[in-house]
Amino acid sequence: MEGEDRFLGNGVHYCAACDGPFYKGQHVAVPGGGNSAVEDQVHVNGAFIFIGLEPNTSFLNDTDVELNRAGFILTGHNLPADSAWVDRFESRLPLMFETSVPGIFAAGDVRESSTRQVAAAAGEGVTAAMLVREYLKGIRFKI
Ligand SMILES: Cc1cc2nc3c(=O)[nH]c(=O)nc-3n(C[C@H](O)[C@H](O)[C@H](O)COP(=O)(O)OP(=O)(O)OC[C@H]3O[C@@H](n4cnc5c(N)ncnc54)[C@H](O)[C@@H]3O)c2cc1C
């Protein structure tokens with residue numbers, strides 16, 4: 001977008017959730033979703049650029065890790081109640097951030113329902129690591 005560098009952080013932003021409140025009651029444009037010409041047509045106080053997100057999960061296509069239609073990984077309570085994971089988990093429910101395969105966890109933007117924020121991704125990663133430990137403690141006595 002023309003002038004993007006010059007106005008970065010002061011009129012041009014990439015995160016509506018983070019910087020949107022600065023423009024409360026003002027006009028903003030959201031170029032990137034097929035409407036990139038909009039900023040030329042109307043006077044705006046700010047622009048939020050949305051480039052979209054395509055998860056790099058095709059390597060999971062031949063596995064039992066379930067993805068949604070857009071390719072994001074399903075975890076925890078996002079897993080549909082009637083799918084094949086139920087048999088794999090025997091008598092327990094998947095842990096938070098655990099995928100449809102016991103012991104495989106996902107965290108961050110690649111996960112369905114992630115809030116797509118840096119702090120959330122870091123927090124999910126830490127929590128997932130702690131839950132891996134819980135998972136390993138649970139299977140230790142079965143080996
Ligand atoms: C332009 C832009 C601006 C943003 N601004 C903000 C902001 O102001 N505030 C905010 O909170 N969030 C912001 N975000 C969102 C934030 O960047 C993400 O939520 C965060 O980076 C997600 O972290 P992640 O670790 O889940 O994924 P990522 O940061 O995307 O990290 C995934 C990593 O995995 C690597 N990878 C991918 N596939 C493979 C593979 N097959 N094998 C090995 N490695 C692989 C990638 O190269 C990458 O390094 C912004 C995002 C964008 C794109």
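Start by selecting Arg116, which sits in the loop between α4 and α5. What you have open is a predicted model, so take the angles here as computed from it. Phi of Arg116 is positive, about 55 degrees, although the residue is not a glycine. Is Arg116 buried, exposed or partly exposed? Arg116 counts as partly exposed, because it has 13 C-beta neighbours inside 10 Å.

Stay in that loop and click on Glu90, which also has its place between α4 (85-88) and α5. Here too phi is positive in a residue other than glycine, this time near 50 degrees. Glu90 has 7 C-beta neighbours inside 10 Å, so Glu90 counts as exposed.

**The whole chain**

Now zoom out and colour by secondary structure. You should find 5 helices and 3 strands in the protein chain. Walk along the sequence and the pattern reads α-β-α-β-α-β-α-α. Of the 143 residues in the protein chain, 19% are buried. If you look at contacts with a separation of 6 or more, 39% of them join residues 24 or more positions apart.

**The sheet**

Next, select the strands. In what order do the 3 strands of the open sheet lie? The order is β1-β3-β2, and the pairing is parallel. The edge strands, each pairing on one side only, are β1 (12-13) and β2 (28-29). As a reminder, strands of a sheet pair through backbone hydrogen bonds, either parallel or antiparallel.

Pick out β2 together with strand β3 (residues 46-48): the two run parallel and are joined by 2 bridges. Show Val28 as sticks and you'll see Gly46 of β3 standing opposite.

While you're on β3, click on Ala47, which has its place in that strand. With 22 C-beta neighbours inside 10 Å, Ala47 counts as buried, because the cut-off is 20 or more. Try a distance from here: the C-alpha atoms of Ala47 and Gly20 are separated by 9.7 Å, though the two residues are 27 apart along the chain.

**From a loop to the core**

Move on to Asn61, in the loop between β3 and α4. Asn61 counts as exposed, because just 9 C-beta neighbours lie inside 10 Å. Draw a line from Asn61 to Gly71, 10 residues along the chain, and the C-alpha atoms come out 9.0 Å apart.

Then select Leu67, Phe72, Ile73, Leu74, Leu79, Trp85, Leu95, Phe97, Phe105, Ala106 and Ala107. Those 11 residues make up the largest nonpolar core. In soluble globular proteins, nonpolar side chains tend to be buried together.

Which residues does Leu67 touch, leaving aside its neighbours within four places in sequence? Leu67 is in contact with Thr57, Leu60, Phe72, Ile73 and Leu74. Three of these partners, Phe72, Ile73 and Leu74, are listed in the core as well.

**The ligand**

Last stop: select the ligand and show what surrounds it. The shell has 13 residues, and the closest are Tyr14, Cys15, Gly108, Gln117 and Ala121. Colour the shell by residue type and you get 8 nonpolar, 3 polar and 2 charged residues. Helix α5 (residues 118-140) gives the largest share of the shell, 3 residues.

Where does the ligand lie relative to domain 1 (4-48) and domain 2 (58-140)? Colour the two ranges separately to see: both domains give residues to the shell, so the ligand lies between them.

Technical notes. Residues are numbered from 1 along each chain as its sequence is written. This is a predicted model: local features need pLDDT of at least 70, side-chain atom pairs count only at pLDDT 80 or more; totals for chains, interfaces and linings use all residues. A residue is near a molecule or strand if its C-beta atom, placed from the backbone, lies within 6 Å of it. Helices (H or I, at least four residues) and strands (E, at least two) are DSSP runs, numbered from the N terminus. Ala, Val, Leu, Ile, Met, Phe, Trp, Tyr, Cys and Pro count as nonpolar, Asp, Glu, Lys and Arg as charged, and the others, Gly among them, as polar. Domain bounds come from an automatic or database domain assignment. Two strands pair if DSSP finds at least two bridges between them. A nonpolar core is a set of buried Ala, Val, Leu, Ile, Met, Phe, Trp, Tyr and Cys residues joined through C-beta atoms within 7 Å. A residue is buried if 20 or more other C-beta atoms lie within 10 Å of its own, exposed if 12 or fewer, and partly exposed in between; C-beta atoms are placed from the backbone. Two residues are in contact if their C-beta atoms, placed from the backbone, lie within 7 Å.
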